[in-house]
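Please look at the sequence and the model below before reading on. The paragraphs that follow lead from the surface to pairs of charged side chains, and then to a loop.

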Amino acid sequence: MNNGNVVTMNFRVSPRLKELIEKHASSKKIQVSAYIREAILFEMIESGNTDAFEFVAPFGWVGFTGVVRNMLKKLRQEKEGG
């Protein structure tokens, strides 16, 4: 991420949620901020927000194509009623 052109977002969470987020970020061996960005962007993509792709694709995240392929497969199955 280019730190020359970023803003900070602050939000509150319970101590338990903070602990859970930190645990999952640690298990993926990434920083909490990266974990939260990834979760938000994947949710946006899953919801059909194609604008999110411009923020994900340049990073070349490992497994990204597989995740998107699975999301699209799931959405297709839901659309077909299966």
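A surface patch, as the word is used here, is built from residues with over 30% relative accessible area and no salt bridge, and nonpolar side chains are joined into one patch when they lie within 5 Å. In this predicted model, Phe11, Val13, Leu17 and Leu20 make a nonpolar patch of about 330 Å² on the surface. One of these residues, Leu20, has its place in helix α1, which covers residues 15–27. Because its relative accessibility is 32%, Leu20 counts as partly exposed.

We can now turn to the charged side chains. How many salt bridges does the structure hold? There are three salt bridges in the structure, and it helps to take them one after another.

In one of them, the side chains of Glu19 and Arg16 meet with a distance of 3.2 Å from N to O. Both Glu19 and Arg16 belong to helix α1, where they stand three residues apart, which is about one turn of the helix. Glu19 is partly exposed, with a relative accessible area of 48%, whereas Arg16, at 52% relative accessibility, counts as exposed; the cut-off that matters for this reasoning is that exposed means over 50%.

Another salt bridge joins Lys18 with Glu22, and here the closest N and O atoms are 2.9 Å apart. Lys18 and Glu22 also both lie in helix α1, with a spacing of four residues, again described as about one turn of the helix. Lys18 counts as partly exposed at 45% relative accessibility, and Glu22 is likewise partly exposed, with a relative accessible area of 36%.

In the remaining pair, Lys28 forms a salt bridge with Glu38, the closest N and O atoms being 2.4 Å apart. Lys28 lies in the loop between α1 and α2 while Glu38 lies in helix α2, so this pair ties together parts that are ten residues apart in sequence. Is each partner buried or exposed, or partly exposed? Lys28 is partly exposed, with a relative accessible area of 40%, whereas Glu38 is buried, since its relative accessible area is 15% and buried means under 20%.

The loop deserves one more look. Lys29 is found in the loop between α1 and α2, the latter helix covering residues 32–46. Most residues other than glycine have a negative phi. Lys29, although it is not a glycine, has a positive phi of about 60°. Lys29 is also exposed, with a relative accessible area of 75%.

Conventions. Residues numbered from 1 in each chain as written. Predicted model: local features only at pLDDT ≥ 70, side-chain atom pairs only at ≥ 80, totals over all residues. Heavy atoms only, no water. Patch = residues over 30% accessible without salt bridge, like charges linked within 9 Å, V, L, I, M, F, W, Y side chains within 5 Å. Areas by Shrake-Rupley, 256 points an atom, 1.4 Å probe, with all protein chains shown as cover. Salt bridge = Lys/Arg side-chain N within 4 Å of Asp/Glu carboxyl O. Helix = DSSP H or I, 4+ residues; strand = E, 2+ residues; numbered from the N terminus. Buried < 20%, exposed > 50% of the residue type's maximum accessible area, 1.4 Å probe, protein only.
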